[in-house]
Amino acid sequence: MSSVPENATPGFLVWRLSMKWRVAVDRAVAPLGLTHAQYSLVASLYGMHRAGRRPSQRQLADHTGLEALYVSKLARALETAGVVDRTRDPADPRAIQLSLTAEGREVARRAIRVVQSLLDQLLEPLGGLDGERTTAFSRELATLLDVSLDPPAAFDPHAGLDARSELDPHLDKEQT
């Protein structure tokens, strides 16, 4: 029996799944001295480094979907831990470039292996990381990530639930 309510909305399911995965990654990378958010930065920096890039904090924020201020805070903590180097961008003195230290690259490699194994476990019901259903699921998630955050022109947040119900007749008043 599933612990998810029978009439759960897609938004609720995405929220629950993201929280479950965040907790799982937090637990998996904790022995390496990382949190899930720090892992996101370290793994992203590792991939960017391999591609020959040394991103600014803003570029890394855009890449990860995290707020720039939060990336700055995480980068400072990772710098203190000896995992990340933060330096001024010679082309733009206002920008801070980020890179992994030698220790950071080793932590990143280990963390990526741990998280890949965890993701294979979490995605096993869909055939694992390389499964066809996982590939299709990833495409669907990417489609949703491309949706604009701007509210639709007809949406009036002050109109209340009834106005939203008119826009979406399938909206169950008790699920909001």
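Is R109 buried, partly exposed or exposed, and what is its relative accessible area? In this predicted model, R109 has a relative accessible area of 32%, so R109 is partly exposed, the class between under 20% and over 50%. Its salt-bridge partner is E106, with the closest N and O atoms 3.3 Å apart. E106 is partly exposed too, at 34%. The two residues are 3 apart in helix α5, which means that about one helical turn separates them.

Let's stay with salt bridges for a moment, as the structure holds 5 of them. Another one joins D26 to R22, where the closest N and O atoms are 3.8 Å apart. Both residues belong to helix α1 and sit 4 residues apart, about one turn of the helix. D26 has a relative accessibility of 22% and so counts as partly exposed; R22, at 38%, also counts as partly exposed. D92 and R94 form a further salt bridge, at 3.2 Å from N to O. Here D92 is partly exposed at 24%, whereas R94 is exposed at 72%.

Now follow α1 to the largest pocket, which has a volume of about 1900 Å³. Its lining is made of 37 residues, and L17, S18, W21, H36 and L141 lie nearest the centre. The elements that give two or more residues to this lining are α1 (10-29), α2 (36-50), α3 (57-64), α5 (102-122) and α6 (132-145). Helix α1 provides the largest share, 12 residues. If you are thinking about the chemistry of the lining, it has 23 nonpolar, 11 polar and 3 charged residues.

Notes: Residues are numbered from 1 along each chain as its sequence is written. This is a predicted model: local features need pLDDT of at least 70, side-chain atom pairs count only at pLDDT 80 or more; totals for chains, interfaces and linings use all residues. Side-chain values use heavy atoms; hydrogens and water are left out. On a 1 Å grid over the protein atoms alone, a cavity is a set of points where a 1.4 Å probe fits but cannot get out, and a pocket is an open set with protein on both sides within 12 Å along at least five of seven lines; lining residues have an atom within 4 Å of a point. Grid points are joined across faces, edges and corners, and a volume is the space filled by probe spheres set on the points. Ala, Val, Leu, Ile, Met, Phe, Trp, Tyr, Cys and Pro count as nonpolar, Asp, Glu, Lys and Arg as charged, and the others, Gly among them, as polar. A salt bridge is a side-chain nitrogen of Lys or Arg within 4 Å of a carboxyl oxygen of Asp or Glu. Buried means under 20% relative accessible area, exposed over 50%, partly exposed in between (1.4 Å probe, protein chains only).
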